[in-house]
Amino acid sequence: MNEYDFIVIGSGIAGLSFALQAAGHGRVAIITKRARAESNTAWAQGGIASVTSTEDSFELHVQDTLEAGAGLCDEQVVRTIITDGPARIRELIDFGVHFDERELPDGSHELDLGREGGHSKRRILHARDVTGREIEGALLDAIARHPQISVLENHMAVDLITLGKLGYVSSDRCLGVYVLNEATGEVLALRSDRVVLATGGCGKVYLYTTNPGIATGDGVAMSWRAGAKVANMEFIQFHPTCLFHPEARSFLISEAVRGEGARLTDANGREFMSRYHPKKELAPRDIVARAIDAEMKRTGARCIYLDITHKPADFIRDRFPNIHENCLRYGIDITRDPIPVVPAAHYQCGGVLTDENGASSLEGLYAIGEVACTGLHGANRLASNSLLEACVLAHRCCDAIVSAPLTEKDTWLTDLPPWKSGDAVDVDELVVIYHNWDEIRRLMWDYVGIVRTTKRLQRAATRLRNLEREIQEFYWNFKITTDLLELRNLATVAGLIVDSALLRKESRGLHYTLDFPETDPKCCRPTVLRRN
């Protein structure tokens, strides 16, 4: 057993930011199931929203966030995160993050702020169209220099260790985590009274997603099994514009492209967003995604088009070098050609229910970043608020943890039992795992997508119950692998999304159902689930 003062699961902006601050108060272990640079953060293109201009204000940012959240945001949390934002931006810059600037007529420079859907002002700080990669790199450089931080790459968290799981009944708390060393197959017991989930989202639960392969909902699934509360999982944000090409792996076309004036059109170049919202392409994401979905269904088209060719070619190449380069690989020159796009699963607005300091309902367990449901996003996330939330919550979470007294460590709390694999044997039918994985993703896309019905949700629930039984049988009878653990987590998270969607008898934000197409004021509350 290895003991740490803090255990962080995940190596994106939330986990790295927390680790850097917590390292001043003790030993930190960062657990990441792939290489340390592989995270949802590294894929983030658009930027980070924060009030840094005299033309902007906290109140405007708050109101934009509340409007996007469709009545389900926690206003106090929104105000806290937005007002804390500028200090966290300065902190990122101190760590070496270089945000784009523009030169003023007098020769001085200021931040070159972008605008995205739902924002009333330009407030998006960016590093061209690779903002996440820039932030991730700067934080990883700082991590590498810190002697108090250990990074366990290619180690996957299996399950949280709690008093309840060890058989105690008087109280429950998180004591640590079992972790699979993918190279050796050994499962380690890591001990800490402060376990912080920063595992990102669950985009891979859907067939089409902008997320990397690591986004399998691990943190939500582990928290659910440990008995922590989970909230608002019905609100899955579909990014309106994912590159549509038969040879392309899901590639996001940043909302910043629309922020710079790109128009959505059909195959004949006809614009259509004016029929759906007065803000057209700059409407909130849920509205844009549903509009595209409706146009595709109405016309039978396989995709629609995003056209920014009316802008100067040099501007496009300079502002969006990563998008320009990737599209060129598939024969699409975005300076001359409209980009074929479709919606794809992008961001979970729900997650492990926490307070504004990242504390979950299970003592000793914290969640920050996309894995958490703080109340900031409500029923629909405002573009580029996610990186902001991750930075702010990482800082607040660490402050709250170190200012609270530690639980006294009795012997029976300190000695964790080793992992027992029992009579499990090596997996001999990997095809079953891959088939189940594919089936989950397809049924979620077909039955639990942008537009839902009760019948589709019930069909998904029936099949998921059968799949979960098959997967649990595999889990207990075979030695665990990363593929098996991810499949188990995907099935759990898919079930939570479906159950949450069935409970919400209205349409609100990202949850749109044909059976209850109107928003119902009586339903204006979070959907909170807890395992019995």
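**Note on a predicted structure: helices, pocket and aromatic contacts**

1. Helix α3, residues 58-68, has H61, V62, D64, T65, L66 and A68 as its buried residues. The structure discussed here is a predicted model. The elements covering these buried positions of α3 include β4 (48-49), α4 (75-94) and α11 (385-403). An α-helix has 3.6 residues a turn, so residues three or four places apart point the same way. After α3 comes A70, with a positive phi near 55 degrees.

2. L60 also belongs to helix α3, but it is not among the buried residues of that helix. L60 counts as partly exposed because its relative accessibility is 32%, and the buried class requires a value under 20%. Apart from neighbours within four places in sequence, L60 contacts E55, S120, K121 and R123. L60 and A144 lie 84 residues apart in sequence, and their C-alpha atoms are 38 Å apart in space.

3. Helix α6 (218-226) is mostly covered, with 9 of its 9 residues buried. These are D218, G219, V220, A221, M222, S223, W224, R225 and A226. The residue that follows α6 is G227, whose phi is positive and near 100 degrees.

4. The second largest pocket holds about 830 Å³ of space. Its lining consists of 35 residues, of which D159, R225, Q472, W476 and R488 are the closest to the pocket centre. One of these, R225, is also one of the buried residues of α6. At least two lining residues come from each of β9 (155-162), α6 (218-226), α14 (454-477) and α15 (482-503). The element that gives the most is α14, with 8 residues. By class, the lining is made up of 19 nonpolar, 6 polar and 10 charged residues.

5. R488 deserves a further remark. Besides its place among the residues closest to the centre of the second largest pocket, R488 lies over the face of Y475, at 3.8 Å from the ring centre. A further arginine, R381, lies over the face of Y347, at 4.2 Å from the ring centre.

6. The aromatic pairs in the model number 9. In one of them, the ring centres of F6 and F18 are 5.9 Å apart and the planes stand at 75 degrees, so the pair is edge-to-face. F6 is in strand β2 (residues 6-9) and F18 in helix α1 (residues 13-22), so the pair ties together parts that are 12 residues apart in sequence. F6 is buried, at 0% relative accessibility, and F18 is likewise buried, with a relative accessible area of 0%. Elsewhere, Y206, Y208, F238 and W445 make up one aromatic cluster.

7. G259 is in helix α7, residues 255-259. G259 counts as buried because its relative accessible area is 12%. Leaving out neighbours within four places in sequence, the contacts of G259 are R115, R122 and L282. G259 and R508 are 249 residues apart along the chain, and their C-alpha atoms are separated by 24 Å.

8. T354 sits in the loop between β18 (351-353) and β19 (365-367). Despite its loop position, T354 is buried, with a relative accessible area of 9%. Not counting residues up to four places away in sequence, T354 touches A359, S360, A367, A372, C373 and T374. Of these contacts, A367 falls within β19 (365-367).

9. Two residues other than glycine call for a check of backbone geometry. R128 has a positive phi, near 50 degrees, and is found in the loop between β7 (124-125) and α5 (131-144). R128 is partly exposed, with a relative accessible area of 38%. S384 has a positive phi near 70 degrees and lies in the loop between β20 (372-373) and α11. S384, in contrast to R128, is buried, with a relative accessible area of 4%.

Key
Residues are numbered from 1 along each chain as its sequence is written. This is a predicted model: local features need pLDDT of at least 70, side-chain atom pairs count only at pLDDT 80 or more; totals for chains, interfaces and linings use all residues. Side-chain values use heavy atoms; hydrogens and water are left out. On a 1 Å grid over the protein atoms alone, a cavity is a set of points where a 1.4 Å probe fits but cannot get out, and a pocket is an open set with protein on both sides within 12 Å along at least five of seven lines; lining residues have an atom within 4 Å of a point. Grid points are joined across faces, edges and corners, and a volume is the space filled by probe spheres set on the points. Helices (H or I, at least four residues) and strands (E, at least two) are DSSP runs, numbered from the N terminus. Ala, Val, Leu, Ile, Met, Phe, Trp, Tyr, Cys and Pro count as nonpolar, Asp, Glu, Lys and Arg as charged, and the others, Gly among them, as polar. Buried means under 20% relative accessible area, exposed over 50%, partly exposed in between (1.4 Å probe, protein chains only). Contact means heavy atoms within 4.5 Å. Rings of Phe, Tyr and Trp (its six-membered ring) pair if their centres lie within 6.5 Å; planes under 30 degrees apart count as stacked, over 60 as edge-to-face and the rest as tilted. A charge sits over a ring if NZ of Lys or CZ of Arg is within 6 Å of the ring centre and within 35 degrees of the ring normal.
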